[in-house]
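This report sets out selected features of the structure shown below. The text moves from individual side chains to the relation between the chains.

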Number of protein chains: 2
Amino acid sequence: MKMESAAKGETRKKILDLAEALLLSHGYHGFSYQQISKVLGVRNAAIHYHFPHKTDLGVALIQRYRRRFARFTDSQQRLGGQEQLERYFELSETYFAKDRQICPSGVLSTEFPRLPEVMQAEASAFIDEMRSWAVAIALKGRAEATMAYTGEPEAIGAVLFSTLQGALQLARIDENILVTVKNQIRAMLGINMAEFTREGG
Amino acid sequence: MKMESAAKGETRKKILDLAEALLLSHGYHGFSYQQISKVLGVRNAAIHYHFPHKTDLGVALIQRYRRRFARFTDSQQRLGGQEQLERYFELSETYFAKDRQICPSGVLSTEFPRLPEVMQAEASAFIDEMRSWAVAIALKGRAEATMAYTGEPEAIGAVLFSTLQGALQLARIDENILVTVKNQIRAMLGINMAEFTREGG
DNA sequence: TTGACAGCTTACTGACCGGTAAGTAGAGTC
DNA sequence: GACTCTACTTACCGGTCAGTAAGCTGTCAA
């Protein structure tokens, strides 16, 4: 029977992709190896072959997020603060569009106390990187004078990060909150709304 | 043996109290009847006697929140917008102080897609009430001219609600974010910080 | 041709999950 | 003293969870 045993690392990637979707929609404790193996058409133990413990899978997921997020920010270092902010906004829009997922930081911080220690460490580092990026955006916006706000960039970044995380979760109950919140943040950062009406949304 | 079979409705209340703490720290799917019965010193089936299905317990918890929150807002109708805002802030502080709990809306919106339908309906109503109160605060602040902001009260309320929900979750990783975010919100609402330094932090 | 290894499978374990049926002790009512 | 109700208990159930041991198969290198 079995002819191709998956072109090396292919199954592993499929597992990660599926686990990621399940993590963002159901949470870490909300998905099982069974759910993954059923969709992939393999046995439960096949998942355990690639990720002996569920913790290993969890850690791998966060590490992949961190690599991905690092590439994301790297690719935007040269953009202006306003453009960076809009890309940041788009990130959350993407999550919501995909089966009403919430952002990884939302899942991880909510489940944090019940996460295995190694995952907590990875999650802390990841969340720190996300918040730092929000701060960097605020800092750039002020330096360029394309944003105008009272208070320090650190505080603006913290608000930006917290607000989007909360709004993305609440969007599951009221879809409109994401757009409302983004517009209000733009207003609070002194960004001329007219510049973004061309986006049509 | 057994002499007192709990002074009528006492066990039921104990179950609710324990379940509430577990809900806010571990989530709805993150606690079990076993955990409750073990602490209470009763058998599993005793919990099922009071709440036949876990869904019943979940609904009862949200309904109790809604009653409590209605009393909370009722008692503050006559306060000024700034005072109302500070009470709102204190709410989140209370959750965090109690074993790093997060707010019920955070748990419920995060787990929303996996919640039983009856719980989803209750959760939606509850979250709507919480957001409405945030809007009411912003509205009052503007009417009294004790707050100054651009944009509509609806948007300010949405930001206020989202931000606190997110910050409360992120406080599990970085404790400082709650204070930072609150100060920044005050600044964004044009509230004179000096007025609140008497609180000492 | 043999041997090693990757990538699985079959078959299982023990713990825990929510939930149920049947029985029982005590208190209150008639 | 019999009846009834509340508030449980004991003793299960089937299902699902993460995890493991041992076996099988195709590929590739020596």
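B:Q120 is found in helix α7 of chain B, in what is a predicted model. The side chain of B:Q120 reaches back to the backbone oxygen of B:L115, at a distance of 3.3 Å. When neighbours within four places in sequence are set aside, the contacts of B:Q120 are B:F112, B:P113 and B:L115. B:L115 therefore appears both as the partner of the B:Q120 side chain and within this contact list, where contact means heavy atoms within 4.5 Å.

Helix α7 of chain B, which spans residues 117–144, also contains B:D128 and B:R131. These two residues are 3 residues apart, about one turn of the helix, and their side chains meet in a salt bridge of 3.6 Å from N to O. The two partners differ in burial class: B:D128 counts as partly exposed, at 36% relative accessibility, whereas B:R131 is buried, with a relative accessible area of 19%. The value for B:R131 is classed as buried because the cut-off for that class is under 20%.

Salt bridges are found elsewhere as well, and the structure holds 28 of them over all chains. Side chains of opposite charge can pair when their charged atoms come close. Three of the pairs are set out here.

| Salt bridge | N to O distance | Location |
|---|---|---|
| A:R64 and A:D17 | 2.9 Å | helix α4 and helix α1 of chain A, 47 residues apart |
| A:R66 and A:E129 | 2.6 Å | helix α4 and helix α7 of chain A, 63 residues apart |
| B:D128 and B:R131 | 3.6 Å | helix α7 of chain B, 3 residues apart |

The pair A:R64 and A:D17 links distant parts of the chain, with A:R64 in helix α4 (residues 54–74) and A:D17 in helix α1 (residues 10–26). A:R64 counts as buried at 12% relative accessibility, while A:D17 is partly exposed at 32%. Both residues also belong to a network of salt bridges that links A:K13, A:D17, A:E20, A:R64 and A:R68.

Helix α4 of chain A contributes A:R66 to another long-range pair, with A:E129 in helix α7 (residues 117–144) of chain A as the partner. Here A:R66 is partly exposed, with a relative accessible area of 25%, and A:E129 is partly exposed too, at 28%.

Turning to the nonpolar interior, the largest nonpolar core has 120 residues, of which A:I36, A:L57, B:I36 and B:L57 touch the most other members. In soluble globular proteins, nonpolar side chains tend to be buried together. Leaving aside neighbours within four places in sequence, A:I36 is in contact with A:I15, A:L18, A:A19, A:L22, A:F31, A:I47 and A:L57.

Helix α6 of chain A (residues 104–111) is mostly covered, with 8 of its 8 residues buried. Among the buried residues of this helix are A:P104, A:G106, A:L108 and A:E111.

How is chain A related to chain B? A rotation of 180° with 0.0 Å of shift along its axis superposes chain A on chain B, with an RMSD of 0.0 Å. That is the relation of a two-fold axis. The same surface serves both copies, in that 100% of the contact residues of chain A recur in chain B.

How values were computed: Residues are numbered from 1 along each chain as its sequence is written. Chains are lettered from A and ligands numbered from 1 in the order in which they are written. This is a predicted model: local features need pLDDT of at least 70, side-chain atom pairs count only at pLDDT 80 or more; totals for chains, interfaces and linings use all residues. Side-chain values use heavy atoms; hydrogens and water are left out. Copies are superposed by least squares on the C-alpha atoms of residues with pLDDT of at least 70 in both. A salt bridge is a side-chain nitrogen of Lys or Arg within 4 Å of a carboxyl oxygen of Asp or Glu. Helices (H or I, at least four residues) and strands (E, at least two) are DSSP runs, numbered from the N terminus. Buried means under 20% relative accessible area, exposed over 50%, partly exposed in between (1.4 Å probe, protein chains only). A nonpolar core is a set of buried Ala, Val, Leu, Ile, Met, Phe, Trp, Tyr and Cys residues joined through side-chain atoms within 4.5 Å. A polar contact is a pair of N or O atoms within 3.5 Å; within protein, one must be able to donate a hydrogen and the other to accept it, and residues adjacent in sequence count only if both atoms are side-chain atoms.
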